[in-house]
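Colleague: I should like a close look at a single part of this assembly, namely a place where two chains meet. Please describe it in one connected account.

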Amino acid sequence: MDIRSQISMVFHLDKCIGCHTCSIACKNIWTDRKGAEYMWWNNVETKPGTGYPSKWEDQDTYKGGWEKKGNSISLKGAGKFKGMKSLFHNSNMPVIDDYYEPWTYKYENLFEAKEGDDQPIARPVSLITGEYITPKSGPNWDDDLAGSEDYAKNDVNFKNLSPAEQEAMFQLERMTLHYLPRMCNHCLNPACVAACPSGAIYKRGEDGVVLINQKKCRAWRMCVTACPYKKSYYNWNTGKSEKCVLCYPRLEAGQAPACHHSCVGRIRYIGVMLYDADKIEAAAASNDEDLVQNQLDIYVDPNDPRVIAAAKENGIHDSTIECAQKSPVYKFVKEWGLALPLHPEFRTLPNLFYVPPLLPTMAFVNEEGTYETTSENFWGAIEKSRLPMGYMASLFSAGNEETIKTVLKKLMAVRLHRREETVGDLPKEEAMGAMKDAVMDKEMADAIFRLTSLPLFDQRFVIPPAHREEAMEMLESTADVKGNSGFGFKEPPVRGL
Amino acid sequence: MVNVPILHDSAGEVSQTEVKDWSKGECEPIPGKTMHDMVIVDRDYTKIYDKFISLGPNVRNGLAAHGNGYQCADFYEKMLDDKDHLQVVDGKVYPSLCEDEEAANAVLYLSSLTNGELSHRAYQNAEKRTGLKLADISEGAKDVRINYKDLQAKIHRYNQSPVWSGLMNDDRAYSAFTYNVERLVPWRTLTGRQHFYLDHEGYIKFGEHLPTYKPSPRPEAYGELRKSVATGRAKVLNVLTPHGKWHIHSTYGDTLRMLTLSRGMEPCWLSVEDAAELGIQDNDWVEVFNDNGVYSTRACVSARIPKGVCFVYHAVERTYSTPKSQIRGGKRSGMNNSFTRVHLKPNLMVGGYGQFTYHFNYWGPVGVNRDTHVLVQKMEKVEF
Amino acid sequence: MSWIKDLISPKTRKWEEFYRNRWQHDKVVRSTHGVNCTGGCSWNIHVKDGIVVWETQALDYPILDKTLPPYEPRGCQRGISFSWYLYSPIRVKYPMIRGALVDLFNAEKAKTGDALKAWANIQANPEARRKYQKARGKGGFRRATWDEAKEIIAASNIYTVKKYGSDRITGFSPIPAMSMLSYAAGSRFLQLMGGVNLSFYDWYCDLPNSFPEIWGEQTDVAESADWYNSKFIACMGANLGMTRTPDVHFFAESRHNGTKTVVFAPDFNMVAKYADKWVPVHAGQDGAFWMAVTHVILKEYHYDKQTPYFIDYTKKYTDSPFLVEVVEEEGKLVPGRLLRAGSVKKYKDIEKGEWKFLNIDSKSGDLVCPGGSSGHRWDGKDGNWNLKFEDAETGKAYDPVLTLLENNDETLQLEFVEYGKNNTAQRGVPVKHIDTVNGKVKVTTVYDLIMAQYGVDRGLGGDYPKTYDEKEAAYTPAWQEILTGIGPKTVLQFAREWARTAETTHGKCSIIIGAGINHWYHNNLIYRAGTMALMLTGCIGVNGGGMNHYVGQEKLAPSDSWATIMSGKDWQKGVRLQQAPIWHYINSNQWRYDGNQADYNTVPKNDLSSMHSADMAVKAVRNGWMPFYPQYNKRNIDIVKDAEKAGAKTDDEIKDYVVGQLKKKELVHSVAEPDEEVNFPRVWYIWRGNAIAGSAKGHEFFLKHYLGTHNNSIAEEVADQFVKDIKVRSENPEGKMDLIVNLNFRMDSSALYSDIILPAASWYEKTDLNSTDMHSFIHPLSPAIAPVWESKSDWVIFR
């Protein structure tokens, strides 16, 4: 047993608004500068849709993540060893058209235009060339099913649906959408780390945050290819790759990452997970159908005395263990089995888990040609949800539909239980039956309800103390740091930093 | 002389039982009764600045909103004790409103929402008017005084007050009319009850005395497509202009953030069916127009839009990305309000009768726009 | 997994300072956004090196009832983008004046040496006036000093007051609640000067007319936390994810607490994602769906089952037990006016008897006069304005008869019109005979009329539908199908689940509604249709219930004190607050392009309903129903002087003189002759809003008739064939406005078309207050930094 601690996350997709506040919170603080314009460390996608960069999920094209070879795994695309040959030409990298050409507007014209015979206008200009352009793609071009014929219909997750099923998704009776906020997964088995020829990428011991050392990075961009989530970006100004840092400067101050802080849908949870690093290799090499379960098995019970002892052995701070015991992520992922990893088949063992959304029930068109939405029971069965199980399974369970069904049944059982508690107008056996079916008792249903509906900020975000004083002490007296902190010159990042 | 219409929450509510027009000789013109009132005012234009920066003496007579008033002369006097925040006009002292923060504090100090004693007085007044027991509602809040710096330091919930109709005791969420239902305080209507039936003569004549259904005006009668005719390349659609995702009205819509996360401008959303019929592909340039004007933009073709309608999200700016219109002679095209025109619904103009009595932003016809129809067609040439 | 660089060593991780340095700031200041979004979110503004760098949401909202989710965090993608504006290239940094105007002004001023004369000369010269008007919106701005800008503005004000009167000076600024001091600044300035404030809530079509109609209330709705108390939410015309971004979590969270959610929207929108059922009702047809829902509720829960909670509520809190006269019109029996207490012998001598109304007591069968009516509010006697079941005139307790079904003198067949498919029906209504001072009248109750209107067959004979399947009979589930595109089974399931929830929870069903409905021509009817279902199931005035309309941030919580400061009433009475839709309809000449409303509005034929809307506006102004400024075709000061010359000494004598002049048509209301030059609005202040574009219904007509610049309208004038009272001049005037002044922090469309732009402090640079419907807090706007460049707060600018 090699117990380590990891800061992990849960996104409750049923609550996601698709507002993108998280993306801007991040951009304001981290990527609002030259070379980083197109970086969206955090972005939100409409599903069905092709996402950002376009069709990032299609590893036939991008060759990200790991592939299973017998009982072990290897990087699918360019890596430290495999990729040496392609160091100077990496054909699997997304190009600017897969992202977009960042632009601004010639706003000045509105102030400076001489009096003429027509109204002046601020036209879009490229942030790269400075020339007038007509933007033809952006980081969120297919928002809310915009251009659905070109984007939603090419969603990579449709590949396992029949053409009829795909077509039905765009009929009134079945049409739906949901949002998928994405950021770096700070994986347990990060492909970016493995791929970096410079050894610039590492996973921090204390919290599992994956970082690209801005001094060591040599711009090979193997991480860009290797990350199957396309969450590593190349900064064309500084010549370094950058990615989400999970706001470690905020974490170290006990604050939630900016994207989490700003989540106005209150969908996000953060907490410590203790895991057994010895299990990583085997889990990553599981068969597809076992991937989710085997990943979940890596995370261990923070209340188990053996785990606690092993954690202490590894130097994990008491305060971190306490946080792990209070972790909302542990509850959603392990205790309740409600949250699932995104595309577990990429085998990076991501640390961001999603509770799949409940969506409106399917409708039908009656003999008169009009639309009817009725259901046998109050909310409609989960099998009647508008998004096909196969689609959700493609996102969250490497194709295992039972896994998705189990989660949705639990969510529905909580609702039935709460209806019973607060209204009591449905047949009693309905709530009881649903809970039994979901293997859940009232206490669990209420606990799920409370953490879903009522949590306060501090309950959603349980952040372990960083004990920075201990880290500093290894270099110099912490008291000296206190006195010196902040002195020095502030210079912008430049190439070859 | 300032003309003043007959006002809601005043005795003007009981002035006209029937619609009689003095200008047609149907009745005598009686100011404040069968016609508007007139107020004669002395206005010294050399004193406007002085008055602006000082809180005038009429506050001593009490304040009111929504027909609920209270006395506050003592609080006005207390403001005069604050020697650092006074103005002198013609030798008399007044509380100062010179600085923004002084104005903010005057609002907060004298409002029943942020001064618990005034809330209490307002409930006491309401008790007198209604003959009901009400002042217990504000009993616990009498000592509350919230000033501007308090608001900066911490978020404050305001007091309940009879100015508003929700009860908020015991951290209860505000829900409208709980005051009326639980405390038996009438609504400010003709019968004091919630009205199913609107017996105003104008309502009867316009067929809206009972709750009913009326169809949307037909586009041919609405008159916005008299000269703009579908040529085969264009199609009549009902244009909806809901509030959008990337702006609050026009604000934020011009920021680089929102433009980057959207399509760089406010497009016209079309259904897949209508777009196909018009030969329009996602992202093509289109013109959206009727007799009133034109908006040139790009198409956003989506399965989530139903046939027969198009969306241009509300409050476009014409300052960026807008090309010249091709169908209207090559001048800069406008924005979503280029294809709207005001249509007033006449029965909403009646007055002097119970709840149908004017108050600013309370009563009168509204600037409807949802019934607008436009033609949409592909734009062949794009010029800036 | 040896390649995982499990780094602890701070030395090799020294570079991590790179990002740590970014997360540093010197201070954090609380502010919010003064934008009409209804969010009202508290924000922390981070300042580093004297520059605003970013904003994050505040978290310190007081917790309401512990069974409710908290408000934190509040703020959306738009709000968190605001700091971009502060230093962006679209920021207005200095006063700017239109070049064509400033050249004319400087030339005239050089000639005359006097700013006022210079302004007068420009206005007296039609060519000069046209020159700068035509340049509006076409570039050519010049940077100016504050003094230069203020001089021109002051000259235009004084000129206008002297020549035409102060009621030709107008200001527009929307929704004060979002930054109430900024609003009050301009408004106080205008009102002290005798200028005019244009309304906004009605102009924006955010005012739900049904609220005044039903409740006598502008708008009063639940704070968003109360959505969570609801156990059945119907959301229509409101895209919560899009527009109620900081609040929608309550909606999502309620689902997990056992609430059912049904979303009505023609498109699959952001909020439809949270729906248990999405009902894609045809755009604008929601009213038809609700009419049918109410039909089912009335039939099954009021008539068949007589659900006690619903019946008790309806009796106590609605006008249903009130008596309505049945009258004959063109040979048909129809509902008429409410029976007035003063018209029956028992009450004929009471004060304000024509404003008090009658019920029948179920025990004695006698007429009773319930307290609480407007007559009781304004009869000069305190203590009777309440909803007790007590006869306010006799003090006796009573229990009202809701329906005359069991106790009537006869059943009459009344005519009811259904406008959707244009059907009329004769339906039996129970009637009682009442002796009045004007003879015998026949009455029924509002409740009985409602039963008949909705087509609930109670065995009274006539054209009642026998089943839910009758497509032509109003208002069955089958009737609505063709209008809404929604099948009848959906109506039935919806209505029954709604009523069952309301019955079990005593009223915890709610409607969340927004601009998607309120912007239709017949918005008041659609709202009333939905509200009927709420009222009949006891869902108004209940936590978790309510008609929750959110269109515009109209709730200015401390309105009592603010209203006085805003209007200058602390100094003077008599304020000029203008109903903007009428003002723009008339002044921007849009009425001239409008056909007769009777041709597109579905109305019965009669004298009133056949009027053109412009004539109706004239009538409304003359009769004191609606305000209109400019007031008269003469300067107000001159009218008073004339009155005094004619011997008037007191205010009342002046008024008598004016009335006389009006009767003789010596004096004419400006509204009746809007195209006479003397009646033009002249100076327009625009602040906190986008009055020329974003909120300008009929934008192109604004460009043409207010601004006198280029436009893309080809609309035909048609009103002259319909109007009788309003004067149509053969010439259609363009360019009515002398000067447009815009206070702005950004170059928006209105700024671009204005004559003078004054740089306004942004929301992180000034002191102000903010409140909203969505929650029960008041937030400050604060100067995290001083106003940048040469900008100033609105308060300071107007001061």
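Modeller: In this predicted model, B:D100, B:A103, B:A104 and B:V107 of helix α3(B) meet C:M180, C:L181 and C:A184 of helix α7(C), a contact being two residues whose C-beta atoms, placed from the backbone, lie within 7 Å. The residues of this contact comprise 6 nonpolar, no polar and 1 charged; Ala, Val, Leu, Ile, Met, Phe, Trp, Tyr, Cys and Pro count as nonpolar, Asp, Glu, Lys and Arg as charged, and the others, Gly among them, as polar. Local features need pLDDT of at least 70 and side-chain atom pairs count only at pLDDT 80 or more, while totals for chains, interfaces and linings use all residues. Residues are numbered from 1 along each chain as its sequence is written, with chains lettered from A and ligands numbered from 1 in the order in which they are written.

Helix α3 spans residues 100–110 of chain B and helix α7 residues 180–193 of chain C; their axes lie 10 Å apart at an angle of about 105°. Axes are lines fitted to C-alpha atoms, for helices over the stretch in contact, and angles run from 0 to 180 degrees between N-to-C directions. The two helices are therefore roughly perpendicular, the term for 65 to 115 degrees. Helices are DSSP runs (H or I, at least four residues), as are strands (E, at least two), numbered from the N terminus.

As for the whole contact between the two chains, chain C contributes 207 residues and chain B 173 residues. The side of chain C that touches chain B has 101 nonpolar, 66 polar and 40 charged residues.

Technical notes. Parallel < 35°, antiparallel > 145°, perpendicular 65-115°, else oblique.
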